[in-house]
Amino acid sequence: MGARITGTGSWLPARTVSNDEIAATLDTSDEWIFSHTGIKTRHIAGPDESTASMSAEAGRAALAAAGLKPEDVGMVVVATSTPDYATFPSTACMVQNALGCRNAGAFDIQAACAGFIYALEAARGLVELSRRPALVIGAETLSRIVDWKDRGTCILFGDGAGAAVVEYSESPSLWLSTLRADGSGAPYIVREGGTRPGPDGKPLPAAPLAMKGRNVYNFAIKALEDVTRSLCAAAGTAPAELDCIFAHQANGRIIEAVARRMDLPLGKFYLNIASTGNTSAASIPVALDQAARGGALRDGMRIVLCGFGAGLTFGGTIMDWPGASGGVRDNRDTAK
Ligand code: UT7
C-alpha cells in the first residue's frame with residue numbers, strides 16, 4: 001500500500017515587483033540583490049488576495065489535474081506561516097469551504113519554509129490510513145509581514161501558493177521522508193505577535209519578520225546537504241543518480257553552494273527563484289507544479305524535495321515521481 005501525487009496546481013499573484021522598483025525606495029540595487037540571492041522579481045498579492053484565496057486557486061487547479069471533485073477530498077492540509085487569521089480559524093478551513101470539500105477535515109501546519117515537506121508527509125500517513133485523497137497546500141502572503149524598510153529581508157520574499165493531491169495507491173514505489181528540527185536556532189527567524197510575554201508580562205505586540213540572515217544561510221547549506229545525502233543513503237541512490245532536486249527556493253546562492261559541496265551540476269536543481277523570490281511554504285509545490293506542467297518532471301524520475309526554515313525546521317522526501325510509498329514508513333528510519 002502507498003500514496004502517490006496525482007495532481008499539482010499553483011497560483012502566483014498577477015502583480016510583480018522588480019528589484020529596480022524596490023531599489024527606488026531603499027538603499028539597495030538590482031545588482032546587489034541578484035548577485036546575493038539570484039532574485040530578479042517577485043509576485044506580490046493584490047488587495048483582494050489572501051493566503052486562503054491563493055490556496056483555493058492552487059487547490060482547484062490540483063484537483064482538476066487529478067480529476068477529482070471537491071467532495072472526494074478527505075483532508076485539506078495547508079502549510080503556512082502567514083494565515084489569514086492570527087490563530088483561528090485555520091486557513092485550511094477557509095479553503096475547505098471555498099472549494100466545497102464538504103466531506104473533508106481541515107488543518108494548518110506551521111513549519112515555516114519546510115511546511116510543505118511536513119504537510120506532504122502528514123498527508124501521506126493520513127491517506128495510507130484512511131485511503132481517502134488529501135489536498136496538500138503550501139501558501140504564503142509574506143509581503144504583508146515583512147518590513148519594507150529592512151533591506152536585509154524585504155528583498156527576499158514573494159507571495160503565492162502551490163498544491164498537490166495525494167491519493168491512496170496499491171502499487172508501491174519509492175517515497176521516503178525525513179522531518180527534522182533544531183529549536184536552538186529559533187532566534188534566527190522570528191515574528192512576534194503571539195502570546196509570548198514581554199518584560200511587563202503582557203504579550204509582545206505583532207512585529208514584522210526579523211531574521212539573522214547569515215546564521216540562516218550557513219545552517220541552510222548544511223541542512224539541505226545533510227537531508228539530501230541521508231535520503232539518498234536510505235534509498236540506496238548516489239546523489240549523482242538523482243534526476244532532479246527541488247530545494248526550497250530561499251536564495252540561489254544557497255542552492256549553488258549545496259551543488260558545489262555535493263559535487264553536483266547546478267542543472268540537477270530546479271530553479272525558479274529569479275521570478276518568484278522566496279515564497280516559503282509555497283516554494284516547493286509551486287516549483288513542482290511548474291516542472292510538472294512544463295515537462296521537466298516526468299513519471300519515474302527519482303527526485304528529492306528538501307527544505308528548511310524558521311524553527312529551525314528542515315527535512316525532505318525522496319520519491320520516484322509521482323510517488324506511491326511501500327518501503328520504509330517510519331521517519332526515524334531515514335533520519336541520521
Ligand atoms: O526561507 C528561509 C529564510 N531565510 C533565508 O534563507 C535567508 C538566508 N540568508 C540570506 O539569504 C542572506 O544572508 C541575505 C541575502 C539575507 C543577506 O546576504 P549576506 O551576503 O548574508 O549579507 P549580510 O547580511 O552578511 O550583509 C552584508 C552587507 C551588510 O553591509 P555591511 O554591514 O557589510 O556594510 C548589509 O547591510 O550587505 C548589506 N546588505 C545589503 N546591501 C544592499 C544587506 N542587504 C542588502 C541589500 N542591499 N538588500
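**Chat about the ligand site and helix α7**

Modeller: Let's start at the ligand in this predicted model: one of its nitrogen atoms sits 2.6 Å from an N or O atom in the side chain of Thr28.

Biologist: How much of the ligand's accessible area does the protein cover?

Modeller: It covers 71% of the 950 Å² that the ligand has on its own.

Biologist: And which residues come nearest to the ligand?

Modeller: Of the 21 residues around it, the nearest are Thr28, Cys113, Arg151, Asn251 and Asn278. The side chain of Asn251 has an N or O atom 2.8 Å from a ligand oxygen. For Asn278, the side-chain N or O atom is 2.6 Å from an oxygen of the ligand.

Biologist: How do the shell residues divide into nonpolar, polar and charged?

Modeller: There are 11 nonpolar, 8 polar and 2 charged.

Biologist: Which helix gives the largest share of the shell?

Modeller: That's α6, with 4 residues. Helix α2 also supplies at least two. Looking at domains, at least three shell residues come from domain 1 (2–172), and at least three from domain 2 (175–320).

Biologist: Back to Asn251. What does it cap?

Modeller: Asn251 caps the N-terminal end of α7, with a side-chain oxygen 2.7 Å from the backbone nitrogen of Arg253.

Biologist: Is α7 mostly covered or uncovered?

Modeller: Mostly covered: 7 of the 10 residues in α7 (residues 252–261) are buried. Among them are Ile254, Ile255 and Val258.

Biologist: What do those buried residues pack against?

Modeller: The buried residues of α7 pack against several elements, including α2, α6 and β12.

Biologist: What about just after α7?

Modeller: Asp263 is there, with a positive phi of about 55°.

How values were computed:
Residues numbered from 1 in each chain as written. Predicted model: local features only at pLDDT ≥ 70, side-chain atom pairs only at ≥ 80, totals over all residues. Heavy atoms only, no water. Buried < 20%, exposed > 50% of the residue type's maximum accessible area, 1.4 Å probe, protein only. Contact = heavy atoms within 4.5 Å. Polar contact = N/O pair within 3.5 Å; in protein donor to acceptor, adjacent residues only side chain to side chain. Near = heavy atom within 4 Å. Areas by Shrake-Rupley, 256 points an atom, 1.4 Å probe, with all protein chains shown as cover. Nonpolar A, V, L, I, M, F, W, Y, C, P; charged D, E, K, R; others polar. Domains from an automatic or database assignment.
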